[in-house]
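Visitor: I am new to this structure. Please choose one part of it and take a close, unhurried look at it with me.

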Amino acid sequence: MGMMETSPTTIAPLLIRNVATTIFIFADKSLVTLAQKYKLLEHIRYLLVTSFLFFLRLLPSLFPSLNPSDQDHNNNNFHQYHPLKPPKSENYLPSSSFGDSGIARALTQLLSIVNDIPVSSRKYEIVRSLAEKLIDDNHKENFEALREVNRGVLSAAFSRTLSQLEAAMMEIGRDGGENGGSRTGPVNDRLNRVLKAVRAVRDRSWARFGRGGEGLDRSAEKLAAELLWLGQKLATCGCGEEAVWRWASASNMAWLALSAEARLQGSLVKVSAFLFKQAKELGLEETEEGQREQERQTMMKMMMSWLPLLCRASNGSDAPVLSVRERAELERTLEEMIDRLEHEEEQEEVLSLWLHHFTYSPSSDWPNLHASYARWCTASRKLLILK
C-alpha cells in the first residue's frame with residue numbers, strides 16, 4: 001500500500017508552481033492600472049511576465065516529477081481516480097437534515113455530476129435524465145420525507161450552481177480587466193498572450209491535484225441553463241420560494257450581468273422571467289402577516305436587483321430570448337408586483353430605477369412600465385393634496 005502514497009518530491013514542486021503562479025497573477029493585477037497610464041511600466045510589466053513564464057517552463061527540467069509524461073496514470077492518483085470509488089468533496093454529501101438516506105445521497109451525486117460535466121459529453125443527458133426521473137418519482141410518491149429530500153437537495157444544488165455562475169462571471173470580468181481594458185497595441189497584445197499562457201499553466205497545475213481547473217473552464221451559459229432547470233424543478237415540487245429568495249439575493253451577480261455578453265444575458269433574462277412569475281404567484285397566497293412582509297421584501301429585492309438587466313439586456317441575436325407573448329406577460333407581472341408594494345416610497349424607488357435604465361438603454365424599449373409610472377404619479381399627487 002505504500003506505493004499508493006503521494007511522494008513528497010512530487011508534491012513540493014507542484015506546490016511551488018501553484019503558489020508562485022497564484023501570487024504572481026494577483027500581484028500583476030496591481031500593475032494593470034499603472035501600466036495603462038505609463039508606457040515604461042507597460043514594457044517593464046511585459047518583461048516581468050515573460051521572465052515568469054520562462055521560469056515556469058524551466059521548472060519541469062529542475063523537477064522531473066512535473067513532467068506530464070511521468071506518472072500520469074500511476075499509483076499516485078489511485079485514490080483520486082479509482083474507477084470504483086467516487087470522489088467525496090464538500091458538495092458530494094448533503095447536510096444531515098435531509099441527507100441521511102441513500103436516495104438523498106444519490107440525487108445529490110447526480111446533480112453534482114450534472115454541474116461538473118460539459119454539455120458536449122454524451123453522458124450529460126443520461127445523468128440529467130436520471131436526476132430528473134429521481135426527482136419526479138419522489139414527487140409522485142406524495143410522501144413528506146421524499147418531498148423534504150427533493151426540497152433540500154434541489155435547494156442546495158440551486159445555491160451551489162448560483163455560486164458557481166457568479167464565480168464564473170467574476171472570472172470573466174477579471175480576464176477582461178487583465179487583458180488591458182480598452183487599450184490596444186503590440187505590447188498589450190503580447191501581454192494578453194503571455195497572461196493567457198500563465199493562467200493555462202495555473203489551471204493545469206490545479207488539474208493535477210484533481211481540482212479540475214476550479215471551474216475556470218465552466219460555461220456560464222450552461223450554469224445559467226441549469227439554474228433555470230433547477231428553479232423549474234423546485235417550483236414543480238412546491239418549493240419555488242427557495243429559488244425566488246436566492247435569486248432576489250444575488251444582487252452582485254445582477255450587477256455583473258449588466259456587462260456580460262449578449263448570449264449570457266439572454267440566459268439570465270430567461271431565469272429572471274421565470275422567477276418573477278414565481279414571485280408574483282407566491283404573493284397571491286394567503287399567508288400570515290410576518291410571512292407576507294417577508295414576501296414583500298423579497299419582491300422588492302427581486303425588482304431592485306434584476307430590473308436593470310431586463311431593461312439593458314439584448315433580446316437575442318439569432319432568435320428572440322422571449323416571445324412577444326412572454327414579454328407582455330412579464331410586463332403585467334412586474335406591474336402587479338409594483339402595485340402590491342404597500343409603501344409609496346418603495347414604488348418610487350423601483351420606478352425610478354426602471355426609468356433610469358429604460359431611458360439610457362437605446363437598444364431596447366422593454367419592459368414598458370409607463371402605466372405603472374402614471375398610476376404612481378397620480379397617487380403621489382393625491383397624497384400631497386390630502387396632506
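Guide: Let's look at the salt bridges, of which there are 14, where a salt bridge is a side-chain nitrogen of Lys or Arg within 4 Å of a carboxyl oxygen of Asp or Glu. Side chains of opposite charge can pair when their charged atoms come close. This is a predicted model, in which local features need pLDDT of at least 70 and side-chain atom pairs count only at pLDDT 80 or more, while totals for chains, interfaces and linings use all residues. Residues are numbered from 1 along each chain as its sequence is written, and side-chain values use heavy atoms, with hydrogens and water left out.

A good place to begin is Lys-233, whose side chain meets that of Asp-136 in a salt bridge, 3.2 Å from N to O. Lys-233 sits in helix α8 and Asp-136 in helix α5 (residues 124–140), so the pair ties together parts that are 97 residues apart in sequence. Helices here are DSSP runs of H or I with at least four residues, strands are runs of E with at least two, and both are numbered from the N terminus. The chain has 15 helices and 0 strands.

How covered are the two partners? Lys-233 counts as buried, at 9% relative accessibility, and Asp-136 as partly exposed, at 27%. Buried means under 20% relative accessible area, exposed means over 50%, and partly exposed lies in between, using a 1.4 Å probe and protein chains only. The pair also has company, as Glu-132 is linked with Asp-136 and Lys-233 in a network of salt bridges.

Now follow α8 (residues 220–236) to the helix it packs on, α9 (residues 240–248): their axes are 6 Å apart and meet at an angle of about 140 degrees. Axes are lines fitted to C-alpha atoms, for helices over the stretch in contact, and angles run from 0 to 180 degrees between N-to-C directions. The angle makes α8 oblique to α9, as under 35 degrees counts as roughly parallel, over 145 as roughly antiparallel, 65 to 115 as roughly perpendicular and the rest as oblique. From α8, the contact (heavy atoms within 4.5 Å) involves Leu-227, Gly-231, Leu-234 and Ala-235. Helix α9 brings Gly-240, Glu-242, Ala-243 and Trp-247 to it.

Helix α9 has a salt bridge too: Glu-241 pairs with Arg-151, their closest N and O atoms being 2.9 Å apart. Arg-151 belongs to helix α6 (residues 144–178) and Glu-241 to α9, so this pair ties together parts that are 90 residues apart in sequence. Both ends are partly exposed, Arg-151 at 26% relative accessibility and Glu-241 at 29%.

One more pair takes us further along the chain. Arg-375 forms a salt bridge with Asp-339, with 3.3 Å between the closest N and O atoms. Arg-375 lies in helix α15 (residues 370–386) and Asp-339 in helix α13 (residues 324–339), so parts 36 residues apart in sequence are tied together. Arg-375 is partly exposed, with a relative accessible area of 39%, and Asp-339 is partly exposed at 42%.
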